[in-house]
Amino acid sequence: MHGSRRLKMLVALAAVGLVTMTALLGLALRPDGAAACPDAGCGPPPVTLPESIRFGAGDPVVTILLWIDLESATSRQIFQHVTRVVAASRRDVPAELRLLHLPAAPCHGPQQPFACLGARLVECAEASLAGAGVQVAGALLDLQWRPPAQRTPDRAATAVAGLGLDAEALLRCAAGSPAADATLRAHAGLAARHGLAAAPGGLVVDVADPRRCSSFGPWLTESSLRAIVLCLARGRCEEVA
C-alpha cells in the first residue's frame, strides 16, 4: 500500500516538473518568429533608424522597422499586424512604423518583379504626398488576393487612382527614379547588416536607447508584437491579450 502511494507521488511530481519545464521552454522559444524579450540579436548595436516612410506617432517611444516584399502574402499579413498595433498604441505607448522594402528578386535589369515597380510607386507616392506611401503599400499588398497575372502596372495604376492619387504621374516617377532606386539599395543594405535575408521581417527598437531592440520574423502575431512594444517601452516583458 505504502509503495503504491510513493509511486503515485513520484508520478505526480514528475508531471509537475514536466509542465514547469514546458512552460519555461515556451518562454524561451517563441513559435511566432518573435523574440520574447529585447536584446535578442538585431545585428550590430545600436540600430540606426533610417530615413524612410513613417506611420504613427510623431514623437514615438518605440520604432518598428518593417521590411516587406509587395508580392509576398505573408508581408501583407505582417503589414496589417504592424499598422494595427501602431494605430492602437497611441493610447498607451506611442509607436511608429518605418516601412522598408526587400523584394525577393533584384531590382535591376530587364526582368524585374512587380515588387520592384510597387516599391518605387510607394516611394514616389510618399515623395509627392506625406502619408501616401503607407496607403499605396497597403493597396498594392491587397493585390495578393488576385491572380498573379493581375499584378501588373495597369492594376497598380488602378489601385493608386482609387486612393485619389495621380497614377500616371506616379508611374512615370517609378519608371525612372534614381532616388527611389537608391532608397531600395539602402533598404537592402540595412537588412543585410541586421541579418535579414528575406521579407517580411524587422526590428522593434527603443528610440531612447537603440541598443535595446528585438527582432521578428514572418510568423509575428499582433499579441506578440504588442508584448515586445510594452517590454521595450516599460522595461518588462508581458503577454498582452
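Two strands pair if DSSP finds at least two bridges between them. That criterion underlies the views of the sheet in this predicted model.

**View 1. Strands S2 and S4 pair within the sheet.** Strand S2 and strand S4, the latter covering residues 201-206, are antiparallel partners joined over six bridges. One position in this pairing is Val62, which stands opposite Asp206 of S4.

**View 2. The hairpin of S4 and S5.** Strands S4 and S5 form a hairpin, with six residues lying between them. Their pairing is antiparallel and extends over four bridges. Within it, Val205 has Cys213 of S5 as its bridge partner.

**View 3. The five-stranded sheet as a whole.** The sheet is open, and its five strands follow the order S1-S3-S2-S4-S5 with mixed pairing. Strand S1 (53-56) and strand S5 (213-216) are at the edges; each has a single partner strand, so one side of each lacks a neighbour in the sheet. On average, and with direction ignored, neighbouring strands are turned by 20° against each other. Helix H3 packs on the sheet, where H3 touches S1 and S3, and the direction of H3 makes about 130° with that of S3. Helix H7 lies across S2 and S3 and runs at about 105° to S3.

**View 4. The chain and its elements.** Eight helices and five strands make up the regular elements of the chain. Read from the N terminus, their succession is α-β-β-α-β-α-α-α-α-α-β-β-α. The chain has 241 residues, of which 44% are buried. Of the contacts between residues at least 6 apart in sequence, 73% join residues at least 24 apart.

**View 5. The largest nonpolar core.** In soluble globular proteins, nonpolar side chains tend to be buried together. Here the largest nonpolar core holds 49 residues, and Leu66, Leu140 and Val204 are those with the most contacts inside it. At least two residues of this core come from each of several elements, among them strand S2 (62-68), strand S3 (95-101), helix H2 (73-89), helix H4 (132-141) and helix H8 (222-234). Helix H3 contributes the most, with nine residues.

**View 6. The surroundings of Val204, and a second core.** When neighbours within four places in sequence are left aside, the residues in contact with Val204 include Val62, Thr63 and Ile64. Other contacts of Val204 include Arg212, Cys213, Ser214 and Phe216, as well as Leu225, Ile228, Val229 and Leu232. A second core, separate from the largest one, has 12 residues, including Leu65, Trp67, Ala191 and Val205.

**View 7. Helices H3 and H6 in contact.** Two packed helices are described by the angle between their axes and the distance between the axes. For H3 and H6, the angle is about 120° and the axes are 8 Å apart. The two helices are therefore oblique to each other, and their crossing is right-handed. On the side of H3, the contact is made by Leu117, Arg120, Leu121, Cys124, Ala125 and Ser128. On the side of H6, Leu170, Leu171, Cys173 and Ala174 take part.

**View 8. Helices H5 and H6 in contact.** The axes of H5 and H6 come within 9 Å and cross at roughly 130°. This angle makes H5 oblique to H6, and the crossing is right-handed. Helix H5 brings Pro153, Ala157, Val160 and Ala161 to the contact, while H6 brings Ala167, Leu170 and Leu171.

**View 9. Gly189 in helix H7.** Gly189 belongs to helix H7, which covers residues 178-193. The relative accessibility of Gly189 is 41%, so Gly189 counts as partly exposed; the limits of that class are 20% and 50%. Gly189 and Leu102 are separated by 87 residues in sequence, whereas their C-alpha atoms are 9.6 Å apart in space.

**View 10. The cis peptide bond before Pro200.** Most peptide bonds are trans. The bond joining Ala199 and Pro200, however, is cis, with omega about 0°. Pro200 is located in the loop between H7 and S4.

How values were computed:
Residues are numbered from 1 along each chain as its sequence is written. This is a predicted model: local features need pLDDT of at least 70, side-chain atom pairs count only at pLDDT 80 or more; totals for chains, interfaces and linings use all residues. Side-chain values use heavy atoms; hydrogens and water are left out. A nonpolar core is a set of buried Ala, Val, Leu, Ile, Met, Phe, Trp, Tyr and Cys residues joined through side-chain atoms within 4.5 Å. Buried means under 20% relative accessible area, exposed over 50%, partly exposed in between (1.4 Å probe, protein chains only). Contact means heavy atoms within 4.5 Å. Axes are lines fitted to C-alpha atoms, for helices over the stretch in contact, and angles run from 0 to 180 degrees between N-to-C directions. Angles under 35 degrees count as roughly parallel, over 145 as roughly antiparallel, 65 to 115 as roughly perpendicular and the rest as oblique. A crossing is left-handed if the near helix is turned anticlockwise from the far one by less than a right angle, and right-handed if clockwise.
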